[in-house]
Amino acid sequence: MKSPSTRKLTAALLSLLLSAVPALGGCSKPGAAQGEPITLLNVSYDPTRELYTDLNAAFAKQWEAKHGTKLVIKQSHGGSGKQARAVIDGLDADVVTLALAYDIDMLHDKGQLIPPDWQKRLPSNSSPYTSTIVFVVHKGNPKAIRDWEDLLREGVSVITPNPKTSGGARWNYLAAWGYALRKSGGDEAKAREFIGQLFKNVPVLDSGARGATTTFAERGLGDVLIAWENEAFLLTEEVGKDKFEIIVPSVSILAEPPVALVDRNVDRKGTRAAAEAYLQYLYTEEGQELAAKHHFRPRSQTVAAKYASRFPTVSLFTIDEVSGGWKQAQKKHFDDGGSFDQLYVPQAK
Amino acid sequence: MHSRARRRVLPGFGLTLGLSWSYLGLIVLLPLSGLFLKTFSLSWAQFFDTVASPRVLAAYRLSFGAAFLAALLNAVFGLLVAWVLVRYRFPGKALVDALVDLPFALPTAVAGLTLTTLYSRNGWYGQHLEALGFQVAFTPVGIVIALTFIGLPFVVRTVQPVLEDIDADVEEAAATLGATPWQVFTRVLFPSVMPALLSGFTLAFARAIGEYGSVVFISGNMPMKTEIAPLLIITRLEQYDYAGATAIAGVMLAASFALLLTVNLLQRWTHRRFEARPGT
């Protein structure tokens, strides 16, 4: 026979379990009927938080005016690779807007969530805005840093995050790699030497781009920070115009953060139409304007012309030119035993 | 509590045991077996390549070494803090008592960022330490500090109740019999506290081995020098190498388990050896 207290406890536990069930089941509700609000989830990476807050509000307003149904767009931000893994593991993303095509490729390779040719579905390699890699130095540029070459000088301390853990750091690395290749006329041995020299000047490897920015800006470590252009703008405008300045190197990489529809999820949830319209909206004049305002380089010629003064001209090369695409770049440079490990580990001993 | 004649004093043993098993199974056992299952997709050769590369070994040494040092520091100073809290009355005692728990409540990443800010070159502590030629942030010393910070409550909170249970009369009796304070400490107090101190040490040690958030900022993550094992697991995950990540994690887990088991046996032995008092 059970005592009353035991029965009460059992009842409490059962009711707790039962109340949790609808909450668990709630997110797999099938497609929204006419008039019901639609919810989209955009899984993105860290530096796009402010950009998508603006874009989502503007698009939801436009959607509601056109269709009469309410649209709610939720955002999720984090490290690009971490976000991709979450989607592979079942995070219900309708669209992903990540830092590297490699991370989206894995949605196909590891999760079968999207078709392999996803990058051809939208204009400009499925990246509605671009960015590039620039330098941030202390006001007055005391170490007289003008170009990639200067980062190798003795006594110059360079801050860049760890390419093994940070997508942004991989763009940094490839930008330097591309510069070195161009300078040496395509001699890979020389380019490797260049990268080895560069990383000799790196005193700390932060795990993410924001961490590196903090190390440079708050900790006062380093003479130069290699960073995304939009992060550099954010740093100089928000932290202090009187403290830092941006140096644009002669050559850099065309960083193309891509976007993609997550087919498996939108078909299950019945949100394909809205999700497609959302991604296409990023390419409209309005979407492009917002991107430019948040210091991402717009693809649209007209918008680019309007904001030309914000974005200094740099000679840009693409990842395909320096490395034949992300998969090859990842394998050659950043996977275990790749060139980054070879160049970095031995000298640490 | 109403208790009729029954086999056990407390009611509902069958139910509670069943619930305990299912809870532990769902929350601990299943996730851990999932972890090991992932590793099985590797061949033995691949497994050894992964877990025995020089870089991974260096990270293990650092993770376990720094965790051990931090737990040792906490054992010494945690005992002191617990002692002061139990035996003395002073203004602000409640505040000190509450402060001890704070490292539990703080998100570890925040702790890591704050410590790094303090100890880096232009931080409050760091600027003076570096003037003396002593760099803390971005060195193994910084890692030990971060791990000490997150481990302190474990020692204090396990030792404190035991100290509270030891009556002051015992010490007074020893003193009247002519024992010096040092003798009272080594012969009377320490043996009673030892098992609790060991388990506090173990908890702090175990917590520190797997710690990621607080360390990743202050360590600087330099390969072979300040790269902790959890960071290497994250780098595997960034390559979508789930099996490699779980292999490293599995080795850490096995090593930790062996260590914890040893300390537990040691704890039992000290318990028997020193004949613990009631309440320990």
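**Exercise 1. Strand β4 and its partners**

Task: In this predicted model, find which residue in β6(A) stands opposite V134(A), then work out which other strands pair with β4(A).

Solution.
- Step 1. Start at V134(A): the residue opposite is A227(A) in β6(A). Strand β6 covers residues 224–228 of chain A, and five bridges join this strand to β4(A) in the antiparallel sense.
- Step 2. Move to V136(A), whose bridge partner is I246(A) in β7(A). Four bridges link β4(A) with β7 (residues 244–247) of chain A, and these two strands run antiparallel.
- Step 3. Now look at T132(A), which has L254(A) in β8(A) as its bridge partner. Here β4(A) and β8 (residues 251–255) of chain A pair over two bridges, again antiparallel.
- Step 4. Finish with T130(A), which is partnered by R297(A) in β10(A). Two bridges hold this antiparallel pairing of β4(A) with β10 (residues 297–298) of chain A.
- Step 5. Check the cover: β4 spans residues 129–138 of chain A, and nine of its 10 residues are buried.

**Exercise 2. Two helices that cross**

Task: Decide how α5(A) and α14(A) are oriented to each other, and describe what kinds of residues make up their contact.

Solution.
- Step 1. Locate the helices: α5 is residues 167–183 of chain A and α14 is residues 326–334 of chain A.
- Step 2. Read the geometry. Their axes come within 12 Å and cross at roughly 85°. Angles from 65 to 115 degrees count as roughly perpendicular, so α5(A) and α14(A) are roughly perpendicular to each other.
- Step 3. List the contact. From α5(A) come R170(A), W171(A), Y173(A), L174(A) and W177(A); they meet W326(A), A329(A), Q330(A), K332(A), H333(A) and F334(A) of α14(A).
- Step 4. Sort by class: this contact has seven nonpolar, two polar and two charged residues.

**Exercise 3. A covered helix and its end**

Task: Name the buried residues of α3(A) and say which residue just after α3(A) takes a positive phi.

Solution.
- Step 1. Helix α3 runs over residues 80–88 of chain A, and seven of its nine residues are buried.
- Step 2. Those buried are S80(A), G81(A), Q83(A), A84(A), R85(A), V87(A) and I88(A).
- Step 3. Just beyond the helix, G90(A) has a positive phi of about 120°.

**Exercise 4. An arginine in chain B**

Task: Is R236(B) buried or exposed, and what does R236(B) touch?

Solution.
- Step 1. Place the residue: R236(B) lies in α11 (residues 229–238) of chain B.
- Step 2. Its relative accessibility is 10%. The cut-off for buried is under 20%, so R236(B) counts as buried.
- Step 3. Leaving out residues up to four places away in sequence, R236(B) touches D336(A) in chain A, along with T50(B), V56(B), D241(B), G244(B), A245(B) and I248(B).
- Step 4. Step back to the whole chain: chain B has 12 helices and zero strands. Buried residues are 42% of its 280 residues, and its C-alpha trace spans about 65 × 60 × 30 Å along the principal axes.

**Exercise 5. How far to trust chain A**

Task: Which residues of chain A have a pLDDT under 50?

Solution.
- Step 1. Begin with the overall score: chain A averages a pLDDT of 88, and 89% of the residues score at least 70.
- Step 2. Then find the weak stretch: pLDDT stays under 50 over residues 20–33 of chain A. For this stretch the model has 10 contacts beyond four places in sequence.
- Step 3. Apply the general rule: predicted coordinates should not be read in detail where pLDDT is low.

Note on methods
Residues are numbered from 1 along each chain as its sequence is written. Chains are lettered from A and ligands numbered from 1 in the order in which they are written. This is a predicted model: local features need pLDDT of at least 70, side-chain atom pairs count only at pLDDT 80 or more; totals for chains, interfaces and linings use all residues. Side-chain values use heavy atoms; hydrogens and water are left out. Axes are lines fitted to C-alpha atoms, for helices over the stretch in contact, and angles run from 0 to 180 degrees between N-to-C directions. Angles under 35 degrees count as roughly parallel, over 145 as roughly antiparallel, 65 to 115 as roughly perpendicular and the rest as oblique. Contact means heavy atoms within 4.5 Å. Ala, Val, Leu, Ile, Met, Phe, Trp, Tyr, Cys and Pro count as nonpolar, Asp, Glu, Lys and Arg as charged, and the others, Gly among them, as polar. pLDDT is the predictor's confidence in each residue, from 0 to 100. Buried means under 20% relative accessible area, exposed over 50%, partly exposed in between (1.4 Å probe, protein chains only). Two strands pair if DSSP finds at least two bridges between them.
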